[in-house]
Amino acid sequence: MNQLTASAAIATGRVQLASVRQRSLVTAKVRVLVVAVGFVFLTLTALVRLTQLGLFEQAPDRRSLAEALLPPRGEITDRNGVPLARAFPSYSLWFNPKALGEKGNPLVKTPEEVARALMQIFPDADYKDLVARLKSAKGSYLRKRVLPEEANRVFALGEPALEFPRENQRYYPQGSLAANVLGYVDEEGKGHVGMEQVLEPRLLDPAQRGTPVELSLDSRAQGALEDELLRGMQESNAKGAAGIVLDVDSGEVIALASLPSFNPNRSDRAFNDLVFNRVSNQVYELGSTFKPITIAAAIDAGVVTDLSVRYPTAPLHIAGRTIHDSHNFGASLNVPEALIHSSNIVTAQVADKLGGPLLRQTMMALHMNQRPTIELPARGFPLWPHGENKAGDWSRITTMTVSYGHGIAVTPLHLACAYAALVNGGIWRPATLFKVDPAHIPAGTRVFKASTSARIRQLLRMIVADGTGRKADASGFRVGGKTGSAEKPGNGGYRKTSLVATFAAAFPMDKPRYVVIAMLDEPQGTAATSGQRTAAWNAAPIVGRVVPRIGPLLGVVPDGSRDVDISDLSPLIGNGEGE
């Protein structure tokens, strides 16, 4: 019995063992099947995704790592590679009214309390604007370009609705330097006003944005020009200023400044009234700076051949108008004396002999009748004198007044290009904000004979050495130039209390390299200007300070042993005072 029981137990154990083995095999098969199905599912999913990428999205080779590493917007540099505008990652402060749900109160504290706390972190913020945004149901930026330490302080406030999205921002490392040339980029990433607007397609093009755009500007010269213009503004209490440094042979703009200026890094963009460019977009009657142009046209045409010929200085009465000078210079003046003392009367007589058609033709050859040629989007259209017939010929009085810079209004940029032609051998070239390869300088257009240009260089140097431009003289730099002080037009005529004071210059006059223009809008007589408002006392000194600062930077070393030979003209010069 015991043997039977033992045998039955053994048989039962064998059956149970076989059953366990069978169940294990079934389980293993099920697991293999599940893995196989999962593998097939993943394989099919991958195939579907690859098909989707191939049919509907860019191929992998078009999304290279190099493209992923490109800046979102190209960099702008000066001619020496100094960065003027670049993209960089930064944090912003964003208010999310739905941070705690659709109906939940997004703020732990009241909007007023949060705004006061933010003012402690950002003192220049607008309290009322912050409160209004924090009460709004619409999300908005509270601050752009938040520093990490500022973000930490905001985070410590414990407000979940204050978020810090990481974004790419446009940054101007030099601050307000050359702001009127560069312009700015708005919160949507769109360029405005200056080269940011002009270069938008180039700066956003993936094929090009990895290579910086090199402008013609020299940031060192730009800084010096802005600095001295600001000083001139402050010393004369002027409402504005403009200046430009131009390469006389290539047309490259080395510096261009319009004051007051703005800082494009400011997130509030509260500078709409400051983006206006006085150099390229505002037209002015630039007064006596036109006189060398008139004399050059007369010399070129053979109207003035003997510089010793004297002209009477009695006031001229033409067409109900009286042309007079600012001072009494005696009974007569020759052409060199007329330029040195800035005589309207003598210049008008020379223009009268030249005739309206030839003077008009010269002004047109200098592009004074069209918008200035430069890449900036905002370019002012000149106030061009109306002709007295269908041919556009100027009347006698118009010819006379235009000869000394009245009755015609142009930008300071027009004047800079004209002076480059006066001193570079007679060739007019368009201004450019791009660096020019010396092997590809534009041919330009001949306006004056080379001999005329050489004579004008002598005369401009004499004006600085002996005439109204004496305060622009910079030792060793052989500066030559001409003052211009013109009353601004208003209702019912010219406003005698409002002047535009300009000094147009070039250096070094024995071999000119650069034109420098300095202009002050409505300067006042102050102690710093000896109570005078004219260009000889305010604009000329600006050039006299700019040239020594920028000359060595641009390769012009002061040399007191060199100068323009004016020995044949010196005996013709008397004494006197002008503007």
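The following questions and answers concern salt bridges in this predicted model.

Q: What makes the contact between D227 and R549 a salt bridge?
A: The N to O separation of their side chains is 2.6 Å. The rule asks for a Lys or Arg nitrogen within 4 Å of an Asp or Glu carboxyl oxygen, so the pair qualifies. D227 belongs to helix 9 (residues 219-236) and R549 to helix 17 (residues 539-550), 322 residues apart.

Q: Why is D227 called partly exposed?
A: Its relative accessible area is 39%. Partly exposed covers values between the buried limit, under 20%, and the exposed limit, over 50%, so D227 falls in that class. R549, at 35%, is likewise partly exposed.

Q: How do you know that R455 and D568 form a salt bridge?
A: Their side chains meet with an N to O distance of 2.9 Å, which satisfies the requirement of within 4 Å. Because R455 is in helix 16 (residues 450-466) and D568 in the segment after helix 17, the pair ties together parts 113 residues apart in sequence.

Q: Why does the pair of R562 and D510 tie together parts that are apart in sequence?
A: R562 lies in the segment after helix 17, whereas D510 lies in the loop between strand 18 (493-507) and strand 19 (514-521), so the parts they join are 52 residues apart. The closest N and O atoms of this salt bridge are 2.7 Å apart.

Q: Which residues are joined into one network by salt bridges that share partners?
A: The network comprises R278, K488, R495, D521 and E522.

Q: How many salt bridges does the rule give?
A: The count is 26.

Note on methods:
Residues numbered from 1 in each chain as written. Predicted model: local features only at pLDDT ≥ 70, side-chain atom pairs only at ≥ 80, totals over all residues. Heavy atoms only, no water. Helix = DSSP H or I, 4+ residues; strand = E, 2+ residues; numbered from the N terminus. Buried < 20%, exposed > 50% of the residue type's maximum accessible area, 1.4 Å probe, protein only.
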